[in-house]
Amino acid sequence: MLDIKSKKPLIISGPCSAETAEQTIQTAQQLAQSGMVDVFRAGVWKPRTKPGMFEGVGIPALPWLVEVKKSTGLPVAIEVANAKHVESALAFGIDMFWIGARTTSNPFSVQEIAEALKGVDIPVLVKNPMNADVELWNGAVERLAKCGVKQLGLIHRGFSGYGSSQYRNTPMWHLAIEIMKRLPELPIFCDPSHICGNTEHLFEISQRAADLNFNGLMLESHITPQKAWSDARQQLAPQDLINMLRAVVWRAEGSDSVAYQHSLDELRGVIDRLDNEIFNLLGKRMEAAENIGRIKRENNVMILQTNRWNQVVERVLARSEELGLSREFLNVLLEAIHLESINKQNNILNQDL
Ligand code: PEP
Ligand code: MN
């Protein structure tokens, strides 16, 4: 049985969709030849945004995956979105399943899949839901675990947003980090293809995942990407994908070097001392805000003073370069400070209402 924790990084690759026997098998053979790919992926049932688009070949594509296994030795993985998919795929000996982002968003579907998997011992990877909801992601994992699925893993494929952005699905790395903190035992894979939506930033996202201690990557590859029936813009030809993968640096999780340990301890000491200073000062700043709350209460003045707050923000942002802190970071920090000041003042103004 495939063990998804047996290798790090574990590389899962293959086309977005299995389209024809030739396209599927040739892609698999080229990927396998490189020795860089551990699991072959292909979409057999495709959840498409609009009707009338290519929705996958379905059951007739499953024998192609059997052929891939036979001719390359690679284990094969597909997306399942309901109990019928699970049953059909199991009958063909598919080695691993993943649950797609749209399906993770729907607890009824996840529950149905979990129940169909009772007593089945193959790995199941859960993609994050479309929306930025870590609870829902975690909930899907819990449903599968409750039905006895033992080899569980996660796939970070970014979150959909409104309007144009550099990415098809914004990575929001902090949410991947949050789920890693909650489920530290679960391996997590990054899917740069669906984050990017094009091939331009695949390396950058793959490298970021490597540096954030992901267990591996899932990347789409197609024998003739420009002719792909789904997700044509984000797929790389096998050789291009392999070249990209070879450039990704997977660094060590730690180092035994004494000099490294020594410098690290020293620098972490500096960080701890600075954190003390920062938070002592923040505490004092909040006390000052509370004092302002007291005089606002005495003079019956409301809390929010937008003009003053805009001045505070402008004054700090003007120092962005000198401080070596990005405007983006300063904005997030100032907003958090402002919200907490408002809460403190709210408690004072309304304490006995
Ligand atoms: C896919 O992996 O091809 C896919 C449909 O992905 P997602 O569920 O992340 O959109
Ligand atoms: Mn795809």
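A polar contact is taken here as a pair of N or O atoms within 3.5 Å. With that cut-off in hand, the contacts of ligand 1 in this predicted model are a convenient place to begin. A polar side-chain atom of R157 lies 2.6 Å from an oxygen atom of ligand 1, and this pair is a polar contact because its separation falls within 3.5 Å. The side chain of K127 also takes part, with an N or O atom placed 2.7 Å from an oxygen atom of the ligand. E220 joins them through its own side chain, where an N or O atom and an oxygen atom of ligand 1 are 3.2 Å apart. On its own, ligand 1 has 300 Å² of accessible area, and the protein covers 97% of it.

The wider surroundings of the ligand can be described residue by residue. C16, R41, K46 and E79 are among the residues around ligand 1, and so are W98, G100, A101 and R102. The list is completed by K127, R157, H194 and E220. Sorted by character, this shell comprises 7 charged, 3 nonpolar and 2 polar residues. As for the space that ligand 1 takes up, it is the second largest pocket.

One member of the shell, K127, deserves a closer look. K127 belongs to strand 5, which covers residues 124-127. Is K127 buried or exposed? The relative accessibility of K127 is 4%, so the residue counts as buried. The C-alpha atom of K127 is 9.7 Å from that of V141, a residue 14 positions away along the chain. The same lysine supplies the side-chain atom found 2.7 Å from an oxygen atom of ligand 1.

Turning to the chain as a whole, the fold contains 14 helices and 8 strands. The chain has 353 residues, and buried residues make up 46% of them. Along the principal axes, the C-alpha atoms fill a box of roughly 80 × 55 × 40 Å.

Two pairs of positions help to place parts of the chain within that box. G52 sits in the loop between strand 2 (39-41) and helix 2 (62-72). With a relative accessibility of 79%, G52 counts as exposed. G52 and L349 are 297 residues apart along the chain, and 59 Å separates their C-alpha atoms. The second pair involves H338, a residue of helix 14 (327-349). H338 has a relative accessible area of 17% and is therefore buried, given that the cut-off for this class is under 20%. The C-alpha atoms of H338 and A289 are 9.6 Å apart, with their positions 49 residues apart along the chain.

Polar side chains also make contacts with the protein backbone. H156 lies in strand 6, residues 152-156, and is buried at 0% relative accessibility. What does the side chain of H156 have 3.0 Å from one of its polar atoms? The partner is the backbone oxygen of P171. A further example comes from N198, in the loop that connects helix 8 (192-196) with helix 9 (202-211). N198 is buried too, with a relative accessible area of 13%. A polar atom of the N198 side chain is found 3.1 Å from the backbone nitrogen of E200.

The backbone itself has some features worth noting. The peptide bond leading from K8 to P9 is cis, its omega being near 0°. P9 is part of the segment that precedes strand 1 (10-14).

Positive phi values appear at N213 and D231, neither of which is a glycine. For N213, phi is near 65°, and the residue is found in the loop between helix 9 and strand 8 (216-220). N213 counts as partly exposed, its relative accessibility being 36%. For D231, phi is near 50°, and the residue lies in the loop that runs between strand 8 and helix 10 (238-247). D231, unlike a partly exposed residue, is buried: its relative accessible area is 18%, and the class requires a value under 20%.

How values were computed. Residues are numbered from 1 along each chain as its sequence is written. Chains are lettered from A and ligands numbered from 1 in the order in which they are written. This is a predicted model: local features need pLDDT of at least 70, side-chain atom pairs count only at pLDDT 80 or more; totals for chains, interfaces and linings use all residues. Side-chain values use heavy atoms; hydrogens and water are left out. A residue is near a molecule or strand if one of its heavy atoms lies within 4 Å of it. A polar contact is a pair of N or O atoms within 3.5 Å; within protein, one must be able to donate a hydrogen and the other to accept it, and residues adjacent in sequence count only if both atoms are side-chain atoms. Accessible areas come from the Shrake-Rupley method with a 1.4 Å probe; for residues, only the protein chains shown count as cover. On a 1 Å grid over the protein atoms alone, a cavity is a set of points where a 1.4 Å probe fits but cannot get out, and a pocket is an open set with protein on both sides within 12 Å along at least five of seven lines; lining residues have an atom within 4 Å of a point. A molecule sits in a cavity or pocket if more than half of its atoms lie within 2 Å of its grid points. Ala, Val, Leu, Ile, Met, Phe, Trp, Tyr, Cys and Pro count as nonpolar, Asp, Glu, Lys and Arg as charged, and the others, Gly among them, as polar. Helices (H or I, at least four residues) and strands (E, at least two) are DSSP runs, numbered from the N terminus. Buried means under 20% relative accessible area, exposed over 50%, partly exposed in between (1.4 Å probe, protein chains only).
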